[in-house]
Amino acid sequence: MIYESRDIAATTVSRPRLLPWSNLDGNPCYLVTDNTGASHLSRIADSVEAVQLDMADDLLGHAADLLGDGKATAPQLRFLAARLTESLHDVHRIARSRGARLPASCGDEASDVAPEEGPGT
């Protein structure tokens, strides 16, 4: 006789969530939790993502101002480019993380997102 599993944990576990930080070696960190997103670590990750997105928004405003200034120096522009690169990396990680948590549509084989490979990706 075959029995169906009634294990609630088995039915509520989602895909691993890509967290908005890396480990000490620069490798991505993942969280495996239930689908509620209400765990303590999930809320911390949500807060970190919100800060990163706010910082990216502020940086875009600063970039517009600096690029509009005809007296901006090459070192200032290089510094801006470095900060924009870091910010874009953070926003890209957030987009990948959130996109991977979207419910897969029926017959959508492209929903299997490859894990992030490391810093700078």
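Trainee: Is Arg 83 buried, partly exposed or exposed?
Mentor: Keep in mind that this is a predicted model. Arg 83 has a relative accessible area of 26%. Buried would need a value under 20% and exposed one over 50%, so Arg 83 counts as partly exposed.

Trainee: Okay, and which residue forms a salt bridge with Arg 83?
Mentor: Look in helix 3, three residues away, about one turn of the helix. The closest N and O atoms of the pair are 2.8 Å apart. The partner has a relative accessible area of 43%, so it is partly exposed. It's Glu 86.

Trainee: Where does Arg 17 find its salt bridge with Asp 46, in terms of the helix that holds Asp 46?
Mentor: The side chains of Arg 17 and Asp 46 meet at 2.8 Å, N to O. The two sit 29 residues apart, with Arg 17 in strand 1 (residues 17-22). Asp 46 belongs to residues 40-68, that is, helix 2.

Trainee: What about Glu 49: buried or exposed?
Mentor: Glu 49 pairs with Arg 98 in a salt bridge, closest N and O atoms 3.1 Å apart. That pair links helix 2 to helix 3 across 49 residues. Arg 98 is partly exposed at 40%. Glu 49 has a relative accessible area of 1%, so call Glu 49 buried.

Trainee: Which residue joins Arg 17, Asp 46, Glu 49 and Arg 98 in a network of salt bridges?
Mentor: The structure holds five salt bridges. Arg 17 and Asp 46 form one of them, and Glu 49 and Arg 98 form another. The network that links these four also includes Arg 101.

How values were computed. Residues are numbered from 1 along each chain as its sequence is written. This is a predicted model: local features need pLDDT of at least 70, side-chain atom pairs count only at pLDDT 80 or more; totals for chains, interfaces and linings use all residues. Side-chain values use heavy atoms; hydrogens and water are left out. Helices (H or I, at least four residues) and strands (E, at least two) are DSSP runs, numbered from the N terminus. Buried means under 20% relative accessible area, exposed over 50%, partly exposed in between (1.4 Å probe, protein chains only).
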